[in-house]
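Please read the following points with the sequence and the 3D view side by side, and look up each residue as it is named. The note begins with one ring pair and then moves outward to the rest of the chain.

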Amino acid sequence: MWRLTVADGGNDPFIYTTNNFVGRQIWEFDPDYGTPEERAEVEAARENFWKNRFQVKLSSDLLCRMQFARENPCALNLPQIKVQDLEEVTEEVVTTTLRRGLNFYSTMQAHDGHWPGDYGGPMFLLPGLVITLYVTGALHVVLSIEQQREMCRYLCNHQNEDGGWGLHIEGPSTMFGTVLNYVTLRLLGEADFGAEGAMEKGQKWILDHGGATAITSWGKMWLSVLGAYEWSGTNPLPPEMWLCPYILPVHPGRMWCHCRMVYLPMSYLYGKRFVGPITSTIISLRKELYIVPYHEVDWNQARNQCAKEDLYYPHPLVQDILWASLHKVIEPILGHWPGNKLREKALCTVMQHVHYEDENTRYICLGPVNKVLNMLCCWIEDPNSEAFKLHIPRIFDYLWIAEDGMKMQGYSGSQLWDTSFAVQAIISTNLGEEYGLTLRKAHEFIKNSQVLEDCPGDLKFWYRHISKGAWPFSTADQGWPISDCTAEGLKAVLLLSKLPVETVGEPLDMKHLSDAVNVILSLQNADGGFATYELTRSYRWVELINPAETFGDIVIDYPYVECTSAAIQALTSFKKLYPEHRRHEIENCISKAAKFIEEIQAPDGSWYGCWGVCFTYGGWFGITGLIAAGNTYSNCPCIRKACDYLLSKELASGGWGESYLSCQNKVYTNLPGDKPHIVNTAWAMLALIEAGQAGRDPNPLHRAARILINSQMKNGDFPQEVTLITCIFFLVIFLTLITTIRWSPNGLSLVIHAPCFFPDFQNFFPLFSVIYLHTPNAFSLAFFFLFREQKTRF
């Protein structure tokens, strides 16, 4: 039986940490763990998921919940509340709902203070890991038979009815998803795990749609590494780009970090033309994946082929001319003396940057895609290297198991993000004194997760931004600073500093607070907006060279309404407590940021949310950011338009339910059947409550509150619903929120944009909104719901 371990590095000599592994969450198989009844409960959950896999794509994270229910039983004596259509939502009803939710959710907290949870969703991550382990000969050494079985279970559970696989668990079949997951099952030995039926259907889908030559460029790269495709059929990824002067707008150092950190190791693989051992399985795959014999494939023609199901971002003509010129003219020169000397220097430079990334993330890496690519590059450089050995134990930071099987997450978790929202939700209920131990543990986790030092060396040389004082999305060991994570972490510790020390522990000292403020101020762009990890370093036209057919808007780090709003809110909170600290800089930053939010609002009053689904998420941040900056409904036309927009999307039955298709099509789209979603509902409620909707017309809020309250289950938990948030990377950051996904800028950009799963959003944000409705507590009910369902980002 599987057991989750937290904040534990084991006794592996090839793993190290900056903070005693705080936030680390690893699943281990223990054949002696659990009673027969508990094992039967797990099997029943698996069987139920399999039977309903085409109707419910997301897991409910039941294995984790079952374990915590056993270890931290919840004494729930409060009655379950149901509110009839015309019945008043009273303060007593709201408070009871809150206490039931908080009682349950406090039992789901790990001993180190964070809330573990499933951050899966993308379907192109696990194949990269399996292919890397296969070509390095480590597949059956690193992955146990139990892990391989659960991976096969996951792939079979998420195969679509037509036999294919999508980019993410909610998506329609694509060549990229189908070929890679078919190959993964073959490498794992599908016959040993009962996946035979899946293979026949998967192969039929591939051949019916033109064969593997129509896979996307990322898929071509992975198949070339495996030996099931030829490098001559891929467009060039020249490592020499890293030798160009930084002044060039297309220099890799100017790219969004998720983009450059993926194409960095990819360029090494391309420059080396690395191919793994050609085994009998690979020879068989060459026969299974193509509609013509392998030796008859026209690889030059295949370079630009892409299945229509995958073509989200068609290559512009200028890009086709560029790739053809590099392929036919430049690459032949670099393949022979003296051009090959330049290639050798470029490969050496690339590996310097690979090692820098590995060492400064404790071999976790920015996200799952560059994690496995970097690991493969280290093995190619030296199969016996310490770097490769240091990569191995950090694989498990990305693996998560639920009733649907074992998946590779879109990030190494969302620990800091979830905990920061949890703290804000609990404090907003005015019940903080009752949950002092929960808040104290969360407080310690947030303090222990702050990044305390910048990366070493010349940051400009390594194309890194300052990180001292920042908070990451997951853990301090991973360490990449993010603007909105820093803002939410700062908001949480500032709120905690107002509570008694005896209840929540010592506050974060002023030095660390000022370091966090310094990071936020340093991340504001000239236009007033905030991007994710770094400043925006180049121009939008650079997107013309985006080689990924499936992922749009991934080349530069764009400013977002969400990140900008979070920065405004954090700085406003800080200014109230420390009004004289860098006062003019903070006031100027807030003013410019608010103007940016106003300028990017659409004419209809909406904001496109890039890190959640979608217009409700963007609207929540847009409205709350403007209000934090000092605007009100009465004096700000943008807030009035935004409220009118949200109210226009309310369902006839009450509440809001927005489909992930809004992200893809950039048009507000309801969920099938016009069903409400508790997270969308909570986001909309939070925005409208902040804007004073209760004083104008409370009826939409009351209708929504009934939906949130009535959705609470007997144990105080809230149901898992469809994917709601977007995740930027996985590449990543394919990257989901609560049930959710964090998508990439301006669409289903999956390079680091794909749906990921945020199980905790469904608990905290809904509770947050209902409470603020009546008293200050109504706000917390909606926020609580939102947090419980918001588990997803690339």
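1. Tryptophan 462 is a good place to begin, and its relative accessibility of 16% makes it buried, because buried means under 20% relative accessible area. Please keep in mind from the start that this is a predicted model, which applies to every value quoted in the points below.

2. The partner to look at beside tryptophan 462 is phenylalanine 461, whose ring centre lies 4.8 Å from that of the tryptophan, with the two planes at 90°. The pair counts as edge-to-face because planes over 60 degrees apart are placed in that class. Phenylalanine 461 is partly exposed, with 41% relative accessibility, whereas tryptophan 462 is buried.

3. How far apart in space are leucine 439 and tryptophan 462, which are 23 residues apart in sequence? From C-alpha to C-alpha the separation comes to 38 Å. Leucine 439 belongs to helix α18, which covers residues 436–449, and with 0% relative accessibility leucine 439 is buried.

4. Aromatic rings deserve a wider look, since the count for the model comes to 38 aromatic pairs. Ring pairs also join several residues into a cluster, made up of Tyr119, Tyr411, Trp417, Phe421, Phe473, Tyr617, Trp620, Phe621 and Trp683. It would help to display these side chains together and trace the cluster by eye.

5. Charged side chains also meet rings in this model, and two cases can be checked in the view. Arginine 3 lies over the face of tyrosine 33, at a distance of 4.2 Å from the ring centre. In the other case, the charged end of arginine 273 is placed over the ring of tyrosine 270, at 3.9 Å from its centre.

6. Turning to the whole protein, the secondary structure comprises 31 helices and nine strands. The radius of gyration is 25 Å, close to the 28 Å that the globule rule gives for 794 residues, and therefore the protein is as compact as a globular protein of that length. The C-alpha trace spans about 75 × 60 × 50 Å along its principal axes, and buried residues account for 66% of the 794 residues.

7. Helix α4, residues 126–135, is mostly covered, with 10 of its 10 residues buried. Among the buried residues of this helix are Leu126, Pro127, Gly128, Tyr134 and Val135. Just after α4 comes glycine 137, which takes a positive phi of about 75°.

8. Which residues other than glycine have a positive phi? Two can be named here, and they are worth a second look because most residues other than glycine have a negative phi. Aspartate 61 has a phi near 55°; it lies in the loop between α1 (36–51) and α2 (62–71), and at 0% relative accessibility aspartate 61 is buried. Cysteine 365 has a phi near 75°; it is placed in the loop between α14 and α15 (368–381), and cysteine 365 is buried too, with a relative accessible area of 0%.

9. The backbone should also be inspected at tryptophan 337 and proline 338, which are joined by a cis peptide bond with omega at about 5°. Proline 338 is in the loop between α13 (317–334) and α14 (339–360). As background for this point, most peptide bonds are trans.

10. Proline 637 is part of helix α25, which covers residues 637–648. With a relative accessible area of 49%, proline 637 is partly exposed, because exposed means over 50%. The C-alpha atoms of proline 637 and glycine 605 are separated by 9.3 Å, although these residues are 32 apart along the chain.

11. Finally, please look at the empty space inside the model, where the largest cavity has a volume of about 150 Å³. Of the 15 residues that line this cavity, the closest to its centre are Ser217, Trp218, Asn235, Leu237 and Pro547. Helices α9 (217–226) and α10 (257–272) each supply at least two residues of the lining, and α9 gives the largest share, with four residues. By type, the lining residues divide into eight nonpolar, four polar and three charged.

Key: Residues are numbered from 1 along each chain as its sequence is written. This is a predicted model: local features need pLDDT of at least 70, side-chain atom pairs count only at pLDDT 80 or more; totals for chains, interfaces and linings use all residues. Side-chain values use heavy atoms; hydrogens and water are left out. On a 1 Å grid over the protein atoms alone, a cavity is a set of points where a 1.4 Å probe fits but cannot get out, and a pocket is an open set with protein on both sides within 12 Å along at least five of seven lines; lining residues have an atom within 4 Å of a point. Grid points are joined across faces, edges and corners, and a volume is the space filled by probe spheres set on the points. Ala, Val, Leu, Ile, Met, Phe, Trp, Tyr, Cys and Pro count as nonpolar, Asp, Glu, Lys and Arg as charged, and the others, Gly among them, as polar. Rings of Phe, Tyr and Trp (its six-membered ring) pair if their centres lie within 6.5 Å; planes under 30 degrees apart count as stacked, over 60 as edge-to-face and the rest as tilted. Buried means under 20% relative accessible area, exposed over 50%, partly exposed in between (1.4 Å probe, protein chains only). A charge sits over a ring if NZ of Lys or CZ of Arg is within 6 Å of the ring centre and within 35 degrees of the ring normal. The radius of gyration is taken over C-alpha atoms; the globule rule is 2.2 Å times the number of residues to the power 0.38.
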